[in-house]
Each structure stands twice: as structure tokens, then as C-alpha cells.
Amino acid sequence: KIQIAPLQARLHWCIKSNIYICFMSAVLNILHVTNFEYMISSALGPHVLVIKPIEYLLTCPVMMLTLVVLGGGRVPSQRQQECSGLTALVLLSGFFASLSLTLPLKLMFFAV
């Protein structure tokens, strides 16, 4: 387990995860700047923007996980799943709320 490893090993793991985060952000930002976002929104609907939510979904849970790993053995290992899962849940709820057209449905997603 990386969380109970020595500090140097945990920092090395966090550096590798930050490289993944930066790479995914760079690739998805290139797609966002190009015509790809327009092609997706023309296929799915004019109010549908998916590249930024996908970027957030692929990077934010990993960022939260690095905080738990840096905490070391004093942080319970169940926090790894909790922080990543809750972050993904909040991001998905916000994404589906942004896709919703009616106010009650938007409020339902934000209430989750």
C-alpha cells in the first residue's frame, strides 16, 4: 500500500499522479480549444459542453487521492475511496444538473 509507505515513496507516487493530471488536462484542453467541442455540442445539443466536465472527472478525484496519500498512515485507508468517490459523485451531479432543462430536475441533482 502506498499510503503507509515512507514519505519519499509517497512523494514519488504523487509526482507520477501529478504528471497524469497535467497530461490529461493538456490533452483535453487541446480538444477544448479546437473544433472538437463544437462538433460534440452540435451532435448532442447546443447547451451540452462535455470536455471540461470530463477533464474534471478524470483529474479532480486523483488530486483528492494525492492529499490522502500524502497524509500517510495516520489517515484511514478507507478515505481513499471516500474522497475519490464523493468528488466524482459531486462532479457527476453537477454535470447532469447542467444538462437538465427543468429547474426541479436541476435542483434534484444539486441536492445530491
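User: Hi! What is the relative accessible area of Phe 95?
Analyst: Happy to start there, with the note that this is a predicted model. Burial here means falling under 20% relative accessible area. Phe 95 passes that cut-off and is therefore buried, with a relative accessible area of 17%.

User: Which residues make up the largest nonpolar core?
Analyst: Being buried, at 17% relative accessible area, Phe 95 is a candidate for such a core. It does belong to the largest one, which has 6 residues. The full membership is Leu 28, Ile 40, Val 48, Val 50, Ile 51 and Phe 95.

User: Which residues does Val 50 touch, not counting those up to four places away in sequence?
Analyst: Val 50 is another member of the largest nonpolar core. Its contacts include two fellow core members, Ile 40 and Phe 95. With neighbours up to four places away in sequence left out, the whole list is Glu 37, Ile 40, Leu 44 and Phe 95.

User: How many aromatic pairs are there, and what is the angle between the planes of Phe 95 and Phe 96?
Analyst: The count comes to 2 aromatic pairs. Phe 95 and Phe 96 form one of them, with 5.5 Å centre to centre. Planes under 30 degrees apart would be stacked and those over 60 edge-to-face, so this pair is tilted. The angle between its planes is 55°.

User: Which residues do ring pairs link into a cluster?
Analyst: Phe 95 is in the cluster, and this residue is buried. Phe 96 also takes part, although it is partly exposed, at 38% relative accessible area. The ring pairs link Phe 95, Phe 96 and Phe 109.

User: How many disulfides are in the structure, and which cysteine has the sulfur closest to that of Cys 14?
Analyst: The search of the whole structure comes back with 0 disulfides. A bond would need two cysteine sulfurs within 2.5 Å. The closest cysteine sulfur to that of Cys 14 is 11 Å away, so it is too far for a bond, and it belongs to Cys 83.

User: Is Cys 22 buried or exposed?
Analyst: Cys 22 is in no disulfide either, since the nearest cysteine sulfur, in Cys 60, is 13 Å away. For contrast, Cys 14 is buried, at 6% relative accessible area. Cys 22 has 54% relative accessibility, and therefore it counts as exposed.

User: Which residues does Ser 25 touch, leaving out those up to four places away in sequence?
Analyst: Ser 25 sits in helix H1. It counts as buried, at 16% relative accessibility. Its contacts, apart from residues up to four places away in sequence, are Glu 55 and Thr 59.

User: What pattern does the chain follow along the sequence?
Analyst: Helix H1 covers residues 7-33. In total the chain has 5 helices and 0 strands. Read along the sequence, the pattern is α-α-α-α-α.

User: What radius of gyration does the chain have?
Analyst: The C-alpha atoms fill a box of roughly 50 × 35 × 15 Å along the principal axes. Leu 7 and Leu 101, 94 residues apart along the chain, have C-alpha atoms separated by 48 Å. A compact globule of 112 residues would have a radius of gyration near 13 Å, but this chain has 17 Å.

User: What share of the exposed area do carbon and sulfur atoms supply?
Analyst: Buried residues make up 31% of the 112 residues. The chain exposes about 7,400 Å². Of that area, the share from carbon and sulfur atoms is 74%.

How values were computed: Residues are numbered from 1 along each chain as its sequence is written. This is a predicted model: local features need pLDDT of at least 70, side-chain atom pairs count only at pLDDT 80 or more; totals for chains, interfaces and linings use all residues. Side-chain values use heavy atoms; hydrogens and water are left out. A nonpolar core is a set of buried Ala, Val, Leu, Ile, Met, Phe, Trp, Tyr and Cys residues joined through side-chain atoms within 4.5 Å. Buried means under 20% relative accessible area, exposed over 50%, partly exposed in between (1.4 Å probe, protein chains only). Contact means heavy atoms within 4.5 Å. Rings of Phe, Tyr and Trp (its six-membered ring) pair if their centres lie within 6.5 Å; planes under 30 degrees apart count as stacked, over 60 as edge-to-face and the rest as tilted. Helices (H or I, at least four residues) and strands (E, at least two) are DSSP runs, numbered from the N terminus. The radius of gyration is taken over C-alpha atoms; the globule rule is 2.2 Å times the number of residues to the power 0.38. Accessible areas come from the Shrake-Rupley method with a 1.4 Å probe; for residues, only the protein chains shown count as cover.
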